[in-house]
Amino acid sequence: MNWELIGDILLATVPLLVIFPSMFALTTWVERKALARIQNRIGPNKVGVPLTPYGGNLSLFGLGQPAADGIKMLFKENIVPTGADRLFHLLAPILSLIPAMLVLCFLPLEFPWLNGEQNSVKAFMLDGAVIFFFAITGLNTLAVFMAGWASRNKYSLLGGMRAIAQMVSYEIPLVLSAVVVVMIVGSLNAAEIAEAQAGWNWYVFQPWGLAAFVIFFIAALAETNRSPFDLPEAESEIIAGYFTEYSGFKFALFFLGEYIAMFAISGLAVTLFLGAGGGPGVEALPWLKVIWFLAKVCILIGVMIWLRGTLPRLRVDQLMGFAWKFLLPLSILNIFIAGFAWHAKKANEGTAVSVIVWVAALIILYAAAKGLDHVNRAKVKPRTYQYGE
Amino acid sequence: MNEVTAFWILAAISVIGALVAVRKRNLVHGVFALLVFFAGLAGLFLLLLAEFIAVVQILVYAGAVGILILFAIMLTDRVTGKDAFRVTSRGSFWGAIIALAVFLVILLPTIREIPLIENATPKDMIVEQSSVKELGTKLIEPYIVTIEVLALLLTAALIGAVTAAQGGRASEKGENTE
Amino acid sequence: MTLALHHYLILAAVLFCIGLLGAFSRRNAVVVLFSVEIMLNAANLNFIAFWRFGTNPELLHGPLFTLFTIAVAAAEVAVGLALVIAVYRHFRSVDLESLDTLKEE
Amino acid sequence: MTTEKLALIPLLPLLAAAVTSFMRDGKRASIFAIAALLVSCVLSLIAFNEAWGMAADDKPKLFTIPWLAIGGTAINFGFVLNPLTGAMAAMVTFVGSLIFIYSAGYMSHDKRMARFFCYLSLFAAGMLGVVLANSLILFFMCWEVVGVASYLLISFWNHKPEAAAAGKKAFIVTRVGDMGFFIGILLVFKVTGTLDFYTEAENGILQQYDLNSQMAFGFSAATVISFLLFVGAVGKSGQIPLHVWLPDAMEGPTPVSALIHAATMVAAGVFLVARTFPLFEAGGMLPLVAWVGAITALVAAFIALGQYDLKRILAYSTVSQLGLMMVGIGAAGVSVGMFHLLTHAFFKALLFLGAGSIILGCHDEQDIRKMGGLAKPMPLTTIAYLCGTLALVAFPFTSGFFSKDEILAGAWANNQPVFWVAALASLLTAVYMTRQCMYVFPGTYRGEHAPHESPKIMTVPLLILSVFALGLGALARGSILELFPGKPVTPHPGTVVAVSIAVALGGIALGFLIYRGRAIGQTADPLALKPFERKFWFDEIYEATVGRLWTLFTIISEQLNALLLFIRDLAVEVASRIGTGFAIGGDRKLIDSLAFDGMCARLRFAGRTVTRPQNGFLPGYLRLIALGAVLLTALVLWAK
């Protein structure tokens, strides 16, 4: 037995298994709190640390809420509908969690105790980390289908189908916007991508990088079924979508899986566009990289929560149209622009031309987005209602 | 746990996955078994150091093809995914016999050549040689036309699939009233 | 025991014939389609195995060919399933035993 | 001109086809297609000019594109420039350009004009590929492209059932020939190990002569191969017995008839023979070629006498002339056949375009009985048409005269019986053309709507072609005959010249005598005899033989099935009678399971066995395929 290897693996994976679930717990609290504040409510503020078994409570702004929720979930009854496929009903939440957990390994988190190894685990220092990331997140659709189908409930199935259609559609702009960065760096290796952005050379500061980042972020929202793309679990239409028939611990697993997927995809966004672990002071103190990385992830999560509180939900046709008619053409155009701009900049390093190229690319992308928007809006006809007149 | 163990485990996974996929009455279960088979095969590719192929295997098969088949099942059969009363077609016994015959025909030359191929040992490859970068360069350098043709093929297939699945406009309308 | 080429070859043969068995014996057109996928994948395994144990692995012929096969197989699945759906619209069935006429009944 | 540019000649129309396939606007598409063909026409004229300078035995200029390399053998695509291909390319592009321009006028009212030009360009690309190809496989591919384009164009007006049927017929009949051609190609590859006509290393198909190795039944390889190639040529060039598709192909738009079924595509078969002439020579197949040609020429000329459809007469005349070309190649060599091919291309294109003009002027009327008196309202067309007719009947000193003369001279020298057959065919040619002209031009108009002259865009190409039809022979005679391999007979024997002039003038006189003063259209036609009118019952014969064979199979299997069902019913009846009798007494089991059920089951089994291979049971088909594969593989393994 190669104890050293096992030690390495444990050193690299255990932190992931500790950090992200605890972040999940915190995030649920933050989300509830923030949404409440946006909606002019107070949010959870009672549950805290019980001081005595008979009362007396240190409320701490309701920070105990996640723990209480978790305990509640654990002890809830596990209900499986009659006629449901029991095996798949059980497997679905697990299958939704595993890919999300797995892809965390591909994020270039440089834990200080890994002796400066760039990636968390040597075994995951794959050449194709980015594409592996997409491949494995793609498996999430299967879990969604499994859940929807196994529940033997039409709302579940509808939700599942909606979710799959949405995930499949948005995966394309997601990957295409990541392609830009991969193309520029010339590598699919997450660590190399992080390396290439060292020293404030973040790709979000390039016009194409900015566009790609925005597209990526929007697609990521849809990919993780976050508001305003949360149609698969639109309460007013199809109850809770594919996890209508889930309760208790299985539901908690779904919940966990969804949040971990959010972290993972935010982590990828940070890696690709926001300079990974780069930030002030990392040259002097390398361990700051992890902090910065997680901080950026938290900021992105914060934006997601903020959007959830702000934007109304899309309609199904709008959702599909947005992916295929707006994001897809724009991201393809962006690839071309990135190629041209990069070459033009490389040829004229440090001259005024590079600035002009920068500005021109920005203008073209902005104009393209505006134009596409205009074209798409022109096609929208006044909605007619079959039964609603 | 060494390479051989990994091989046997992955081989067992793929064979069982494939067997279940082709024998299972419940189609949806069959598809998931098929996905297990694909995953096992991806593992085998990893074992053979074809890392990128493994990724593509997962991405295309487990991700895209699996979902596509699931959608097709949902669109054709009853939602429960239950196959018809009788799973196998008429005279499937003969089918099995012929499949066995094919197997033997494939197997015999392989076994005959075993002394010859037993000594073929994998070269110690530098990781660089099988890297994604190398593969990409190869795709651009001598195989660019192939890539373009493939792109054309995929586009054509896409359009063809949409047209075929959509059917005539009239029939579609007829479909909706049902 | 060490792994040699023939391990992979025999495994691929087994997988191929499982696919063949499915294509021969199932009534449902979708199952036949994914049996074909199993066969294609078995062939891919052969490509990769030959590449790994071959004489010039640096040429990457095996992975490249496999990539092309996967792309073609993807196209094949898309078209095949579209045909299955078209057939289903027409016959209200994907049972291969009932699809025994070329024109409308 | 570099040889790379040679590839541009077929590629430009191909590009035009690709681009026009996306166009809706017919006019724009026509301009694009015409422009592309004109450019390639200029290119091929340049190439022809260059080829002109080469002697017949010079090394051809090659441009090779490697396509497939399997082990040591390479299969190439390539283009070749020598006098033969140069002249043919120049002819195809030149006549093609004129026809394209003409079609822009002819089709201007059609909604699918853009599509029409797309098909035309595709056809031109395929044809030029056939002409310039340096490898049999490229030749065959382009040959098939030409076939497809022809199919598309014949059935262009696919709302007409006859047009659709004619397209299918053309495709299927030529397929019979193509099968032979393809097997021939495979044999060539087997024998010579290459598919290139010429190679730099001088070991192309046409450059090596060791084809005398024995094959089956004591024939040499060259014999077998050239026979198979000839089968392909017969299919494409409408020689007997595969000529039946060509007259039906007249259902297509008239420019198509002119371009494909007169000037270029049908000549491809002749061109194939000319192209692989060394093989035919080595294989000793030339007498067969000559005889098939002669018989075709005669039979088609007879049939043409009995037709009333303007275009159909021309179609049979085309078949007949193609036969004469085959005679030329078979009896006198490449140069003579090609000379007639070139002159024929011009005057037959002229005739067809003239016919198109007439048809358009008469409001889509094709029946010559409903025409008449067209000389006055359509003067330009009439002049052009008469020029074409003169050339076709080989009136002295028109182009047809010179080329036909060469053929007859060659036949006289090598094969006297063929000479007389060909002479008779020529006589008939003059007769039916006179007949047709007598129907169409003099007299009074017998149709309903008043005829009118066609627009300039149509008449100008006609006049250009007339000049060529009359003058090309005299102008180019010497040089063209010099250009190609195979020397014509010089000087021509007096008998030949006399016969040649006599048949032309005599035929015209004969036709004139018969039809002058006759109330055309009202009384029965003296020459439209039943066998001619019914085309010697070729279609009927095919239907009675090939078609009947299929019907026979169906009937037999149906009868078998019915018989089985009857026997089963009978047996059931008998068994049930007996069974009822015995059932009272007892052994129900025996009767039921053995006699009754067993009998039924066995009979059913027998029935199933009989119908098994054709039951539409898909997995069964699949299994049979696999079984075949297994057996084949096992055979190969076992043989190894």
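Which residues does D:Val327 touch, not counting residues up to four places away in sequence? In this predicted model, D:Val327 touches D:Ala290, D:Gly293, D:Ala294 and D:Ala297. D:Ile407, D:Ala411, D:Val418 and D:Ala422 complete the list.

**Nonpolar cores**

D:Val327 belongs to the largest nonpolar core, a set of 209 residues. D:Val327 is among the residues with the most contacts inside this core, along with D:Val270, D:Val273, D:Ala349, D:Leu350 and D:Ala422. Helix H14 of chain D, residues 334–361, gives the most to the core: 17 residues. A second core is separate and has 189 residues. Its members include A:Ala92, B:Leu68, C:Leu64 and C:Ala78.

In soluble globular proteins, nonpolar side chains tend to be buried together.

**Where chain B meets chain C**

Chain B puts 76 residues in contact with 64 residues of chain C. On the chain B side, seven helices each give two or more residues: H1 (3–23), H2 (27–47), H3 (51–76), H4 (92–117), H5 (132–140), H6 (144–166) and H7 (169–177). The table splits this side by residue class.

| Class on the chain B side touching chain C | Count |
|---|---|
| Nonpolar | 53 residues |
| Polar | 13 residues |
| Charged | ten residues |

**Chain C**

Chain C has three helices and zero strands. Along the sequence the pattern reads α-α-α. Of the 105 residues in chain C, 61% are buried. Take the contacts in chain C between residues at least 6 apart in sequence: 50% of them join residues at least 24 apart.

Definitions and conventions. Residues are numbered from 1 along each chain as its sequence is written. Chains are lettered from A and ligands numbered from 1 in the order in which they are written. This is a predicted model: local features need pLDDT of at least 70, side-chain atom pairs count only at pLDDT 80 or more; totals for chains, interfaces and linings use all residues. A nonpolar core is a set of buried Ala, Val, Leu, Ile, Met, Phe, Trp, Tyr and Cys residues joined through C-beta atoms within 7 Å. A residue is buried if 20 or more other C-beta atoms lie within 10 Å of its own, exposed if 12 or fewer, and partly exposed in between; C-beta atoms are placed from the backbone. Helices (H or I, at least four residues) and strands (E, at least two) are DSSP runs, numbered from the N terminus. Two residues are in contact if their C-beta atoms, placed from the backbone, lie within 7 Å. Ala, Val, Leu, Ile, Met, Phe, Trp, Tyr, Cys and Pro count as nonpolar, Asp, Glu, Lys and Arg as charged, and the others, Gly among them, as polar.
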